[in-house]
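Work through the exercises below with the sequence and the coordinates open beside you. Each task is followed by a solution in steps.

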Amino acid sequence: MQTVKMVISGAVNAGKTEFIRSISEIEVVSTERKATDETRLLKKETTVAMDFGRITIANDLVLHLFGTPGQRRFDFMWEILSEGALGLVVVVDSTRPETFRETTRIVEFFNEMRPAPYIIAANKQDKDTAWSPDELRLALRLPEQVKVVPCIATKRDSCKNVLLELLYEIMETAKEG
């Protein structure tokens with residue numbers, strides 16, 4: 001049995017915790033606490049350390065999913081959680097362009113700190129105001145080779161598709177390396 005560590009990151013309220021809750025086959029270990037800063041305008045609780053979930057992909061492959069906090073004041077956790085990670089999913093709230101700059105900062109942080117294959121999960125694609133994956137690619141100034149995958153974090157199949165795309169990206173990167 002091979003266990004692979006994946007990190008799920010993104011800006012505040014992007015859908016990271018929901019993503020892990022939707023796909024995990026175990027009860028998610030969560031560190032949600034009452035939001036006390038400007039985050040409370042978006043939601044009552046926020047992740048202060050990490051979320052943890054697990055999914056079995058095949059008889060010989062299990063993914064451990066580590067969700068990061070989205071608030072800048074907890075970004076010291078990003079380095080800790082990304083240690084040993086094989087890949088990264090950056091979740092973007094496709095309906096909130098005001099978070100795109102923070103998303104770019106997160107992508108740059110991980111690329112500098114722990115370069116690893118990553119993909120963008122364009123969350124909330126079921127909403128009328130969602131930016132399309134192509135529009136997000138332009139807004140985030142992503143290179144053509146970075147996958148931007150449509151996502152609805154509340155739907156298990158959608159999250160599974162994102163993780164499979166990340167696994168394909170990891171395998172392609174391994175072949176090239």
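**Exercise 1.** Describe the second largest pocket by its volume, its central residues and the classes of its lining.

*Solution.* The space in the second largest pocket comes to about 270 Å³. A pocket here is, on a 1 Å grid over the protein atoms alone, an open set of points where a 1.4 Å probe fits, with protein on both sides within 12 Å along at least five of seven lines, and lining residues have an atom within 4 Å of a point; a volume is the space filled by probe spheres set on the points, which are joined across faces, edges and corners. The second largest pocket is lined by 14 residues, of which V12, E38, G70, Q71 and E102 are the closest to its centre. By class, this lining splits into 3 nonpolar, 4 polar and 7 charged residues, where Ala, Val, Leu, Ile, Met, Phe, Trp, Tyr, Cys and Pro count as nonpolar, Asp, Glu, Lys and Arg as charged, and the others, Gly among them, as polar.

The model is predicted, with pLDDT of at least 70 needed for local features and 80 or more for side-chain atom pairs, while totals for chains, interfaces and linings use all residues. Residues are numbered from 1 along each chain as its sequence is written, and side-chain values use heavy atoms, with hydrogens and water left out.

**Exercise 2.** Characterise the enclosed space in the largest cavity.

*Solution.* A cavity is a set of points where the probe fits but cannot get out, and the count is 1 cavity of 30 Å³ or more. The largest cavity has a volume of about 60 Å³, and its lining includes V7, L88, F110 and P117. That lining divides into 6 nonpolar, 2 polar and 1 charged residues.

**Exercise 3.** Which geometry do the rings of W78 and F109 adopt, and how is each residue exposed or buried?

*Solution.* Rings of Phe, Tyr and Trp (its six-membered ring) pair if their centres lie within 6.5 Å, and planes under 30 degrees apart count as stacked, over 60 as edge-to-face and the rest as tilted. The ring centres of W78 and F109 are 5.2 Å apart and the planes stand at 75°, so this pair is edge-to-face. W78 lies in helix α2 (residues 76-82) and F109 in helix α3 (residues 100-113), 31 residues apart, where helices are DSSP runs (H or I, at least four residues) numbered from the N terminus. With a relative accessible area of 0%, W78 is buried, whereas F109 at 22% is partly exposed; buried means under 20%, exposed over 50% and partly exposed in between, with a 1.4 Å probe and protein chains only. Ring pairs also join W78, F109 and F110 into a cluster.

Definitions and conventions. Helices (H or I, at least four residues) and strands (E, at least two) are DSSP runs, numbered from the N terminus.
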